Amino acid sequence: MNAPELNVAVPSSASSTVAPVTRAGPAAIGRCLVVTVDSAHATLLESSAGEEGWSVDVCDCSMQAMRLAFRLKFHLAVVDLQSVADNESSRSDFEQLAHDLAQNHVPLLVINGDPHNPLAEFAARQLGVWVYLPGLGEDVGLENMFREARLATEKLARESATTNPQAKECKLPGG
């Protein structure tokens with residue numbers, strides 16, 4: 001569950017923009033896509049990400065997730081293969097979604113794999129996942145993972161700004 005947003009706006013010190021503030025701390029630093037058919041996993045992932053300041057979108061099918069990935073910019077995605085381990089068709093769809101997200105849409109990809117499949121981590125690593133989880137339990141340390149994802153996203157943004165001067169400075173046409 002996301003941290004509830006307060007109706008408060010704080011002017012940013014770097015510019016005249018206004019940033020929303022949440023009870024969990026700073027405003028959402030990025031968007032996180034969670035794809036799972038397991039409602040308990042969805043709740044656990046959404047609340048953990050929200051606690052670390054992520055704006056979370058939860059989908060329960062791969063088509064819905066791809067539509068969102070084309071419409072919105074996600075910095076992090078979590079694909080829960082464990083939730084579809086017993087359904088061959090859905091598992092195949094989720095695996096294809098993970099592949100598409102890794103190749104084209106999301107800089108940080110997390111796969112929650114099937115703990116009973118010893119080859120699942122190997123397949124996930126071939127995709128270049130950022131983190132592989134061997135199944136979700138109660139005490140997985142998700143807050144730490146989402147905190148590290150936030151730090152990695154901030155680092156990627158800084159690196160992008162230094163390697164791409166246009167990212168630091170936005171000039172208006174004709175000016």
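Strand β3, which spans residues 31-35, is mostly tucked away in this predicted model: 4 of its 5 residues are buried. Let's look at what surrounds it.

On one side, β3 pairs with strand β4 (residues 55-59) in the parallel sense, over 5 bridges. If you want a spot to look for, V34 has V58 of β4 as its bridge partner. To get from β3 to β4, the chain passes through helix α1 (residues 39-51), and this β-α-β crossover is right-handed. Strand β3 also pairs with strand β5 (residues 76-80), again in the parallel sense, this time over 4 bridges. Here V35 is matched with V79 of β5.

Now for the greasy part. Which residues have the most contacts inside the largest nonpolar core? They are L33, V79, L97, L101, L109 and I111, in a core of 23 residues. The elements that give two or more residues to this core are β3, α2 (62-71), β5, α3 (88-105), β6 (108-112) and α4 (120-127). Take I111 as an example: leaving aside its neighbours within four places in sequence, I111 touches V79, L81, A98, A124, V129, V131, Y132 and L133. Apart from that core lies another one, with 18 residues, including C32, V131, L136 and A149.

Charged side chains get their turn too. The count comes to 6 salt bridges, and here are some of them:

| Salt bridge | N to O distance | Relative accessible area |
|---|---|---|
| D57 and R31 | 2.5 Å | D57 17%, R31 26% |
| E52 and R147 | 3.1 Å | E52 11%, R147 31% |
| E95 and R91 | 3.8 Å | E95 39%, R91 24% |

Remember β3 and β4? D57 sits in strand β4 and R31 in strand β3, so their salt bridge ties together parts that are 26 residues apart in sequence. D57 counts as buried because its relative accessible area of 17% is under the 20% cut-off. R31, at 26%, is partly exposed.

The E52 and R147 pair links distant parts of the chain, 95 residues apart: E52 lies in the loop between α1 and β4, and R147 lies in helix α5 (residues 142-163). E52 is buried, while R147 is partly exposed.

What about E95 and R91? Both lie in helix α3, 4 residues apart, which is about one turn of the helix. E95 is partly exposed, and R91 is partly exposed as well. Finally, salt bridges that share partners join E52, R147 and R150 into one network.

Conventions:
Residues are numbered from 1 along each chain as its sequence is written. This is a predicted model: local features need pLDDT of at least 70, side-chain atom pairs count only at pLDDT 80 or more; totals for chains, interfaces and linings use all residues. Side-chain values use heavy atoms; hydrogens and water are left out. Buried means under 20% relative accessible area, exposed over 50%, partly exposed in between (1.4 Å probe, protein chains only). Two strands pair if DSSP finds at least two bridges between them. A crossover is right-handed if, with the strands pointing away from the viewer, the path from the first strand over the helix to the second runs clockwise. A nonpolar core is a set of buried Ala, Val, Leu, Ile, Met, Phe, Trp, Tyr and Cys residues joined through side-chain atoms within 4.5 Å. Contact means heavy atoms within 4.5 Å. A salt bridge is a side-chain nitrogen of Lys or Arg within 4 Å of a carboxyl oxygen of Asp or Glu.
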